[in-house]
Amino acid sequence: MNFTGAHILSINQFQREDVDQVFAVADNMEPYALRKRATRVLEGAILGNMFFEASTRTRVSFGSAFNLLGGEVRETAGFENSALVKGESLQDTARVLSGFSDVICMRHPQIGSVADFASASRVPVLNGGDGANEHPTQALLDLYTIRKELAQKSRGIDGMSIAMIGDLRHGRTVHSLSKLLSLYTKVRVVLISPQELSLPEIIIESMRRSGVDVSESHELTQSIADVDIVYSTRIQEERFSSKQEADIYRGKFRLNQAVYTQYCQPNTVIMHPLPRDSRADANELDIDLDNNPNLAIFRQTDNGVLVRMALFALVLDVADKVDDFSSPVHWYNSRQS
Ligand code: NCD
C-alpha cells in the first residue's frame, strides 16, 4: 500500500508487508516517545482531531503523537460543540476542516461515518473508531504490543493463540484485530462471549477462509487455559438500546488473579483496549491483576503513541526524515525505556 496521502479507514487496506512497515517506523519512534530526543519534522503541520464519541486515550494519544513529531493539534470533542447539531453534513464539515488541517483523525458513533467524511476531505483521514465497525489504529497497536510481548519469549505472531473475551458483537477493537490476525499463519483464536454478543459471522467466516483456527465458547475458565494472550473487552453499553439490556451481560466474564492463577498458563499476556469497566457490577479485569507482570494494558497505551506517530509519519511522507529534524531534550525525564 502507498501510505503517502492515504486515508486509514479499515484494516482491510493492509497487507502483511504494510503492517511490517508501520511497525518498523514505530520502532524508530521510541527515543522521541520516551523524550530522549525531540523532533520537529512536522513543524507547521496541523492535526484536526475530531471526536464525536467518548474518548480519553485514543484522542490524547493521537494528539500527543502529532505533538511529539512537532505538529500542532486542533480539537473538537462532542456533537454539542460542533455544527453537526445545526444540521451540517459530514461531507461539508470535511470540506471545511480539511482546509484548516494537514491530516484529520475522527471518531463517530455511526458505522461508515468516517469513510463518508473522508470521501469529501482534501487531506488524509484516520479512523479513530466508527461506531461498532472498526478501530484500525487500535488493532495495529494491539498487534504491535502482542509482537513485543511474544518476542520476549522468543516467539512470533505466526503460531500464536489468543482468547478474545466479552462483547465481541459490538467491540470494534476485536473486529479490527480479528481482520489483522488473518494476515498471519497458524493463528488460533478462541472467542468467548454470551451467545447474543458473538463476533459477527462475516468476520468469523473471513478469518476461517484465511486459515485462522477459530473456536467459540460461552464460558471463561476452561477456554483461557492454553492461550498466549487473553484479550478482555468492555460491554459496549452505548451500543445497546438501554442500560438495562447491557446490564444482563455485565460482569459475566471476570478475570482476576485467582482465575488467572488457576486457569491460565503462567506467562499468559493480559490485554484490554481500555477503558476497563472497574465498577463493582462489571469489574471485567480486576485491579488485583495490576501487579501481575503479564498485565500489558498500560504497555498497550504506551505503544499506541509509537504506532500513531508511525502512521502520521507515513501518511505525511516524513518517515525517513524524522531523525534529520531531531535534537536532544533538556528537561528532567523519569521515564525508563
Ligand atoms: C475502545 C473503543 O473506543 O472502541 N477504546 C479505545 O479506543 N481504546 C474500547 C471501548 O471503548 O470499550
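How many bridges pair strand S2 (residues 46-51) with S4, and in which sense, parallel or antiparallel? The two strands pair in the parallel sense over 5 bridges. This and the views below come from a predicted model.

**View 1. The four-stranded sheet is open and parallel.**
Its strands follow the order S3-S2-S4-S5. Strand S3 (72-77) and S5 are the edge strands, each pairing on one side only. On average, neighbouring strands of this sheet are turned by 10 degrees against each other, direction ignored. Between S2 and S4 there are 5 bridges. One residue to look for is Asn49, whose bridge partner in S4 is Cys105. In general, strands of a sheet pair through backbone hydrogen bonds, either parallel or antiparallel.

**View 2. Five strands form a second open sheet, also with parallel pairing.**
Read the strand order as S8-S7-S6-S9-S10. Strand S8 (213-217) lies at one edge and strand S10 (269-271) at the other, and each pairs on one side only. The twist averages 20 degrees from one strand to the next. Helix H7 packs on this sheet. H7 touches strand S6 (161-165), S7 and strand S9 (229-232). The direction of H7 makes about 160 degrees with that of S6. At the S8 edge, strand S7 (residues 188-192) is joined to S8 by 5 bridges, and the two run parallel. Val189 has Val214 as its bridge partner in S8.

**View 3. Lys179 sits in helix H7 (residues 172-181).**
What does the side chain of Lys179 make a polar contact with? The partner is the side chain of Glu134, at 2.9 Å. Leaving aside residues up to four places away in sequence, Lys179 touches Ser10, Ile11, Asn12 and Glu134. Glu134 thus appears both as a touching residue and as the polar partner.

**View 4. Domain 1 meets domain 2.**
The chain is divided into domain 1 (11-135 + 301-336) and domain 2 (136-297). Their centres, taken over C-alpha atoms, are separated by 25 Å. At the boundary, 31 residues of domain 1 are in contact with 27 residues of domain 2. The size of an interface is often given as the accessible area lost when the parts come together. Here the buried area is about 2,700 Å², and carbon and sulfur atoms give 57% of it.

**View 5. Polar and charged pairs cross the domain interface.**
The rule finds 6 salt bridges between domain 1 and domain 2. Elsewhere in this close-up, Arg147 forms a salt bridge with Asp27. Their closest N and O atoms are 3.2 Å apart. The count of residue pairs in polar contact between the domains is 19, with both residues at pLDDT 80 or more. Which elements give two or more residues to the side of domain 1 that touches domain 2? They are helix H1 (16-28), helix H3 (57-68), strand S4 (103-108), strand S5 (125-130) and helix H11 (297-315). H11 gives the most, with 7 residues.

**View 6. Two loops have backbone features to check.**
Pro275 lies in the loop between S10 and H11. The peptide bond from Leu274 to Pro275 is cis, with omega near 0 degrees. Arg35 lies in another loop, between helix H2 (30-33) and strand S1 (37-39). Arg35 has a positive phi of about 60 degrees, although it is not a glycine.

Terms used:
Residues numbered from 1 in each chain as written. Predicted model: local features only at pLDDT ≥ 70, side-chain atom pairs only at ≥ 80, totals over all residues. Heavy atoms only, no water. Polar contact = N/O pair within 3.5 Å; in protein donor to acceptor, adjacent residues only side chain to side chain. Contact = heavy atoms within 4.5 Å. Pairing = 2+ DSSP bridges. Axes fitted to C-alpha atoms, helices over the stretch in contact; angles between N-to-C directions. Domains from an automatic or database assignment. Buried area = accessible area lost by both parts, 1.4 Å probe. Salt bridge = Lys/Arg side-chain N within 4 Å of Asp/Glu carboxyl O.
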